[in-house]
Amino acid sequence: MLELIKKAEKTHSLTKKEIVELLKDDQYNDELFKAADRVRKKYVGDEVHLRGLIEFSNICKQNCLYCGLRRDNKNIKRYRLKPEQIINFAKNARNLGYRTVVLQSGEDDFFNVERMTKIIKSIKQLDIAITLSIGEKTREEYKAYKEAGADRYLLRIETTDKELYEKLDPNMSHENRKRCLKDLKELGYEVGTGCLIGLPGQTIESIADDILFFKEIDADMIGVGPFIPNPDTPLKNEKGGTFELSLKVMAITRILMPDINIPATTAMETLNVNGRLIALRSGANVVMPNVTEREYRKLYALYPGKICINDTPAHCFSCITGKINSIGRPIAKDYGYRKKVMSKK
C-alpha cells in the first residue's frame with residue numbers, strides 16, 4: 001500500500017482497482033494524507049483562498065431525497081433575497097477582503113437570466129471573481145451568465161452511479177447533469193464539481209469512479225463532503241457518511257489532480273470540530289466562509305448541525321483567518337484561479 005501511495009504521488013495516476021484498494025485500507029491513512037499535503041504544497045503552494053458564500057435563496061424546484069431544501073420539505077421557512085441585498089452582501093464581502101464570492105441557491109426560477117445577469121454585472125464592478133452555484137440550466141443561460149462576468153460554476157455530480165443518482169434525484173437526468181458540466185467547460189468557466197460520501201446504496205467502487213470522472217473531465221475544483229442525513233428528508237434514518245472516508249477521497253483527488261482547487265468543506269467541520277484545518281493539512285487549499293447576513297444562515301438548511309449559523313460575516317472572516325494562520329498558512333490575496341501545470345493525462 002505504501003508503494004501504491006508513492007506511485008500515485010510520483011505519477012498522479014491510479015487505476016480504479018488501486019483507488020478501491022486505498023479507500024478500503026485504513027492502515028496507511030496518515031501516509032496518504034501526508035502525501036496529499038506534499039502534492040498540494042508542491043503544485044498550489046501554501047496560500048489558502050477564501051471564497052465568500054452568499055446563500056441567496058432556499059427555494060428549490062427539485063426534490064432530491066438527501067437535501068433539506070427539497071421542494072416537498074414543508075418544515076423549512078423559505079426565503080429569497082432581493083437583488084440589492086445580494087449585491088450589498090457582496091460589497092461587504094469585498095470590504096472584508098474576499099476576492100471571490102460564491103452565489104449559491106436552490107433551483108429558484110424567480111432568478112431568471114435577466115435578474116441574474118444584472119446581479120452578476122453589478123457584483124463584477126467590485127473587482128471580484130464570481131462563482132455561481134445555482135443548478136442545472138440551459139447552455140444559453142450558462143452563456144449569458146459567462147458573458148455577464150461569471151468566472152466559475154459549481155455543479156456537483158453527487159455520484160457517477162447513474163442508477164443511484166436518478167433514484168436519489170427524482171425526475172432528474174444523470175445525462176443532463178453531465179451535459180451541464182460539458183457545456184460549462186466548453187463555455188470557458190472554471191468548473192467545480194464533487195460528490196457526497198456515504199449516500200445510501202453507494203459503493204466504494206462507485207466512489208472510485210467519481211474520482212476518475214473528475215480527472216476525465218479535467219475539473220478545476222472538487223468539493224468532497226460527507227452525506228449528513230437531514231431529519232426533514234426521506235433519508236432521515238440513514239447512517240450517513242464518515243469524516244475519514246470523505247478525507248481520503250479528497251486526499252486521493254488531490255494526488256491525482258495536483259493543480260486543482262479543493263475546498264475544506266463546511267460539512268467536514270460538522271462531523272469533526274477541527275475538520276477544515278485537518279482537510280487543509282490533507283490536500284485542501286480553499287475555504288468558503290459564509291458571508292450571508294442574519295437569519296438567512298440558519299434557513300439555508302441543507303443538513304443539520306451546520307456550523308457558524310449565528311456568526312456575523314466579519315466574525316467568520318476573522319475566525320477562519322486566525323485558524324488558517326495558526327497552522328502556518330497565509331491567506332491568498334489574488335482571485336484564486338486554477339494555475340494549470342498538469343494536463344489531464
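Which residues are buried in H5? Keep in mind while looking that this is a predicted model. The helix in question runs over residues 113-124. In H5, the buried ones are Met116, Thr117, Ile119, Ile120 and Ile123. They sit on the same side of H5, because the arc they cover around the axis is only 160 degrees.

Now turn the helix around. On the other side of H5 you'll find Glu114 and Lys118, and these two are exposed. As for the helix itself, H5 has 12 residues and reaches 16 Å from its first C-alpha to its last, which is close to the 16 Å expected at 1.5 Å a residue.

So much for the helix; what covers the buried residues of H5? Both strands and helices take part: the cover includes strands S2 (52-57), S3 (100-105) and S4 (129-133), along with helices H4 (83-96) and H6 (139-148).

Next, move along the chain to helix H9, residues 204-216, where Glu205 lies. Is Glu205 buried, exposed or partly exposed? Its relative accessible area is 32%, and since buried means under 20% and exposed over 50%, Glu205 counts as partly exposed.

Who are its neighbours? Leaving aside residues up to four places away in sequence, Glu205 touches Lys16, Val20 and Lys24. With Lys24 there is also a polar contact, side chain to side chain, at 3.4 Å. For a wider view, pick out Tyr337: Glu205 and Tyr337 are 132 residues apart in sequence, and their C-alpha atoms are 31 Å apart in space.

Key. Residues are numbered from 1 along each chain as its sequence is written. This is a predicted model: local features need pLDDT of at least 70, side-chain atom pairs count only at pLDDT 80 or more; totals for chains, interfaces and linings use all residues. Side-chain values use heavy atoms; hydrogens and water are left out. Helices (H or I, at least four residues) and strands (E, at least two) are DSSP runs, numbered from the N terminus. The expected span of a helix is 1.5 Å times one less than its number of residues. Buried means under 20% relative accessible area, exposed over 50%, partly exposed in between (1.4 Å probe, protein chains only). The arc is that of the directions from the helix axis to the C-beta atoms. Contact means heavy atoms within 4.5 Å. A polar contact is a pair of N or O atoms within 3.5 Å; within protein, one must be able to donate a hydrogen and the other to accept it, and residues adjacent in sequence count only if both atoms are side-chain atoms.
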